[in-house]
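Hi everyone, thanks for coming. Please have the sequence and the 3D view open, and we will walk through a few places together.

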Amino acid sequence: MKIAVIGAGVIGVTTAYELTRDGHEVTVFDRRATAAEETSFANAGIVAPGYVAPWAAPGMPGKVLGHLLGRHAPVRLSWPLGARELAWMWRWYRACKLDTYLANRTRMHHLANYSLARLQQITQDLKLEFDRQPGYMVLLRSEADYRLAQPGLLTLRDLGVPFTELDATGARQLEPALNPDTALAGAIHLPHAQVANCRQFVLMLKNETARLGAQLRFNTSVDRIHHAPSVALSLAGEPRPHQFDQVVVCAGVQCASLLQAIGLELALIPVYGYALSATLRDPLQAPHSAVMDERYKVSISRLGQRIRVAGSAELGGTPERMRPGSIQTLHKVLQDWFPGAGQLSNGVQVWKGARPMLPDGPPVIGASGQGGVWLNLGHGSSGWALACGSARVLADLIAGRSPEVDMVGFGLNRERPGHLV
């Protein structure tokens with residue numbers, strides 16, 4: 001079949017690869033100059049299936065309210081905050097029920113495990129070499145943080161995720177560069193998780209996808225999707241629509257406006273995250289792999305000869321407006337744990353990216369209900385952890401095959417009332 005893929009982030013490129021690998025004639029469209037220029041550009045790089053979970057969880061609304069006034073709050077509201085964001089927050093609040101959370105967490109965990117296996121298989125098959133390290137550790141600053149982590153550990157046990165609870169000495173043995181002057185009550189180590197450079201992977205896979213025969217059209221904006229009487233795309237600056245047998249929408253936060261034009265009002269908004277990337281100053285003072293500060297929800301990742309600090313969840317605002325407080329929090333957490341790791345005096349890359357998030361957590365993968373239009377979107381902050389599995393599932397669905405993962409709960413109308421469209 002002749003298939004168009006809209007979007008060349010990690011979701012779009014992995015989707016294009018799987019479809020091309022299946023023998024389809026694939027064309028990828030992206031408004032940027034190359035792949036992985038938006039949400040996939042500078043994410044934390046962490047692939048940890050055990051920590052893939054919905055943001056909509058019991059008790060989360062209270063935690064968010066408690067964070068809003070904190071100096072180093074992991075969640076912030078910014079202006080403008082419009083009706084769309086407020087409606088999303090209401091749906092998110094309604095999804096913070098225990099049974100909904102448990103069902104969605106289990107679904108996302110299974111998809112994340114499958115995705116990790118698929119990532120490893122693709123890496124092996126194509127002999128891709130990109131920055132990656134095994135292991136992931138969650139740092140607990142105090143006994144209070146340790147107590148707050150217990151429900152999460154119970155969930156890890158229920159899901160069968162291997163992990164080790166460490167005291168401060170054990171944590172420092174695994175990551176000897178941890179600052180001895182910063183209080184540490186203990187840590188949780190996930191040996192099967194990893195940190196890997198998402199953008200490097202996407203750029204390499206883009207090249208492999210092109211080698212298999214796919215066309216990649218960059219600096220090309222899709223203005224409109226047509227689904228009747230046949231599937232077509234209108235491109236900016238081109239007078240005639242391009243005809244396809246199928247179209248897959250993987251365009252991040254742009255998905256909402258594209259789908260609105262064909263009658264789908266998707267509850268999808270950008271939730272912004274921040275990242276600092278710097279050259280390593282001294283590898284001996286940097287983490288071996290990746291750690292996450294549980295209190296501030298900030299990760300510190302070793303990516304080759306660079307160190308990346310990522311965190312924050314900002315609702316509202318604009319992609320251009322940087323919040324100084326969010327950037328200060330990243331600097332604080334890096335200084336607390338690895339003060340000598342990065343060259344911060346010059347060459348620091350500061351990035352703000354939009355995570356496309358749905359209110360209840362899981363992405364939407366499958367048919368849109370509009371003939372010939374397929375969806376692979378709404379992965380939020382878990383896009384890197386879910387991408388390879390989501391792509392394989394979507395390719396199987398288009399081919400009429402049963403996916404290897406149960407896809408109940410990943411459709412558009414999974415929640416009634418308050419469904420996603």
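Let's start with a pair of residues: Ile365 stands opposite Asn376, which sits in strand 19. Before going on, please keep in mind that this is a predicted model. Strand 19 covers residues 373-377, and it pairs with strand 18 in the antiparallel sense, over 4 bridges.

Now let's look at the sheet around them. Which order do the strands follow in this open sheet of 6 strands? Reading across, the order is 8-2-1-12-19-18, and the pairing is mixed. At the edges you find strand 8, residues 215-217, and strand 18, residues 364-367, each of which pairs on one side only. On average, neighbouring strands in this sheet are turned by 15 degrees against each other, if you ignore direction.

Next, find helix 10, residues 383-398. Helix 10 lies across strand 1 (2-6), strand 12 (246-249), strand 18 and strand 19. Relative to strand 19, helix 10 runs at about 165 degrees.

Let's move on to helix 1, starting with one of its residues, Thr15. Is Thr15 buried or exposed? Its relative accessibility is 0%, so Thr15 counts as buried, the cut-off being under 20%. And what does Thr15 touch, once we leave aside its neighbours within four places in sequence? The contacts are Val5, Val248, Cys250, Asn376, Ala391 and Leu394. You have already met Asn376: that is the residue opposite Ile365.

Helix 1 also packs against other helices, and I'd like to show you two of them. The first partner on my list is helix 7, residues 198-211, with the two axes 9 Å apart and an angle of about 30 degrees between them. Why do we call this pair roughly parallel? Because angles under 35 degrees count as roughly parallel, helix 1 and helix 7 get that description. Their crossing is left-handed. On the helix 1 side, the contact is made by Val10, Val13, Thr14, Ala16, Tyr17 and Thr20, while helix 7 brings Cys198, Phe201, Val202, Leu205, Lys206 and Thr209. Sorted by class, that contact has 8 nonpolar, 3 polar and 1 charged residues.

The other partner is helix 4, residues 98-126. Here the axes come within 13 Å and cross at roughly 65 degrees. Helix 1 passes helix 4 in a left-handed crossing. Tyr17, Glu18 and Arg21 of helix 1 meet Arg118, Ile122 and Leu126 of helix 4. By class, this contact has 3 nonpolar, no polar and 3 charged residues.

To finish, a few backbone details that are fun to find on screen. Where can you see a cis peptide bond? One runs from Trp79 to Pro80, with omega near 0 degrees, and Pro80 lies in the loop between strand 4 and helix 3. The bond from Ala228 to Pro229 is cis too, and Pro229 is in the loop between strand 9 and strand 10.

Then there are positive phi values in residues that are not glycine. Lys297 has a phi of about 55 degrees and belongs to the loop between strand 14 and strand 15. With a relative accessible area of 40%, Lys297 is partly exposed. Ser312 has phi near 80 degrees, but its place is in strand 16, residues 306-316. Ser312 is buried, at 11% relative accessible area.

Key: Residues numbered from 1 in each chain as written. Predicted model: local features only at pLDDT ≥ 70, side-chain atom pairs only at ≥ 80, totals over all residues. Heavy atoms only, no water. Axes fitted to C-alpha atoms, helices over the stretch in contact; angles between N-to-C directions. Helix = DSSP H or I, 4+ residues; strand = E, 2+ residues; numbered from the N terminus. Left-handed = near helix turned anticlockwise from the far one by under 90°. Contact = heavy atoms within 4.5 Å. Nonpolar A, V, L, I, M, F, W, Y, C, P; charged D, E, K, R; others polar. Buried < 20%, exposed > 50% of the residue type's maximum accessible area, 1.4 Å probe, protein only. Pairing = 2+ DSSP bridges. Parallel < 35°, antiparallel > 145°, perpendicular 65-115°, else oblique.
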